[in-house]
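I opened this entry to keep track of what I looked up. My notes follow in the order I made them.

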Amino acid sequence: MAAETEHDMERLRALVARARVVLWDFDGPICGLFAQHSSQRIAEGFVEWLDTLGLSHLLTEAERENEDPQAVLRAVDSRHYGSDLVVEMEKRLTQEELKAAPGAMPTPWADPLIRTWTAVGSRLAVTTNNSPEVVREYLESRGLLSCFTPHIYGRTRDLGLLKPDPHCLNRALNALGAAPPDALMIGDTPSDFAAALEAEVPFLGYARNERKEKDLRQAGAKDVVRSLEPLLRVLRG
């Protein structure tokens, strides 16, 4: 779909035409949350903090090198499920996400696409592994909160329910009274695709670069766009 052939555009039109409900991942399709606040540094901070507590054994060498703070958090949770340590780590991650929100970079074309989709009568929800608090703060700063509220479904303290588990998608569908075939999920990671597949929701991948597109296609995603602009064009057409 990156090449925007007529066949690709027809597939895009078909996805849009049947979508009465649109489920958005947050970091990626809506904005680059960590554009000015390094997620890698947050992950490194978690590792250093665990070391100071004498808990370095909780992470493998590969996990210590992971640049995704959510991956580090989930690794600890897998060994100390729901513990006070995990609760504190999750709180720290939420605080870091909130620090990142003011410097988040809007994804090109996302703001007008969200407004247009709302204007034509579709209902929108956010289904994300980020804190719902940071989602609300960012959307409010962009004047987009009313396009989604109250349908913002993010990370809870039960980290086992994060995507690729379809929990947040199912919550959104149930709250909106929508059947899976009448929805569309827009996500940028294989875990987004896996959650949509499990929930039986049609999926559109957003890939801001070749690596992202390769990851999505290797996971099995058939429809992937490198820009949201063609989607906006379809809606306006």
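I began with the largest pocket and asked which element gives the most to its lining. It is α4, with 4 residues. The model is a predicted one, and I read everything below with that in mind.

I then looked up the whole lining of the largest pocket, which is made by 35 residues. Nearest the pocket's centre lie Asp-27, Asp-68, Asp-188, Thr-189 and Lys-212. Besides α4 (69-79), I noted the other elements that give two or more residues to this lining: β2 (31-32), α5 (84-100), β3 (105-106), α9 and α10 (210-219). For the space in the largest pocket I wrote down about 870 Å³.

Next I turned to the sheet. In what order do the strands of the open sheet stand? I read β5-β4-β1-β6-β7-β8, which makes 6 strands with parallel pairing. I checked the edges and found β5 (152-153) and β8 (224-225) there. Each of these has a single partner strand, so one side of each is left without a neighbour in the sheet.

I picked one pairing to follow in detail. Strand β6 (residues 183-187) runs parallel to strand β7 (residues 203-206), and 3 bridges join them. I traced Gly-187 across to its bridge partner in β7, which is Gly-205.

Then I looked for what lies across the sheet. Helix α6 (residues 110-119) lies across β1 (21-24), β4 (123-127) and β6. I noted that α6 runs at about 155° to β1.

My last search was for aromatic pairs, and the count came to 3. One of them is Trp-24 with Trp-117, an edge-to-face pair at 6.3 Å centre to centre, with 85° between the planes. Why does this pair tie together parts that are apart in sequence? Trp-24 lies in strand β1 and Trp-117 in helix α6, so the parts that are tied together are 93 residues apart. Are Trp-24 and Trp-117 buried or exposed? I found both of them buried.

I also wrote down Phe-193 and Phe-203, which form an edge-to-face pair at 5.4 Å centre to centre, with 70° between the planes. Phe-193 lies in helix α9 (residues 190-199) and Phe-203 in strand β7, so this pair ties together parts that are 10 residues apart in sequence. Phe-193 has a relative accessible area of 12% and is buried. Phe-203, at 9% relative accessibility, counts as buried. I closed the entry there.

Conventions
Residues are numbered from 1 along each chain as its sequence is written. This is a predicted model: local features need pLDDT of at least 70, side-chain atom pairs count only at pLDDT 80 or more; totals for chains, interfaces and linings use all residues. Side-chain values use heavy atoms; hydrogens and water are left out. Two strands pair if DSSP finds at least two bridges between them. Contact means heavy atoms within 4.5 Å. Axes are lines fitted to C-alpha atoms, for helices over the stretch in contact, and angles run from 0 to 180 degrees between N-to-C directions. Rings of Phe, Tyr and Trp (its six-membered ring) pair if their centres lie within 6.5 Å; planes under 30 degrees apart count as stacked, over 60 as edge-to-face and the rest as tilted. Buried means under 20% relative accessible area, exposed over 50%, partly exposed in between (1.4 Å probe, protein chains only). On a 1 Å grid over the protein atoms alone, a cavity is a set of points where a 1.4 Å probe fits but cannot get out, and a pocket is an open set with protein on both sides within 12 Å along at least five of seven lines; lining residues have an atom within 4 Å of a point. Grid points are joined across faces, edges and corners, and a volume is the space filled by probe spheres set on the points.
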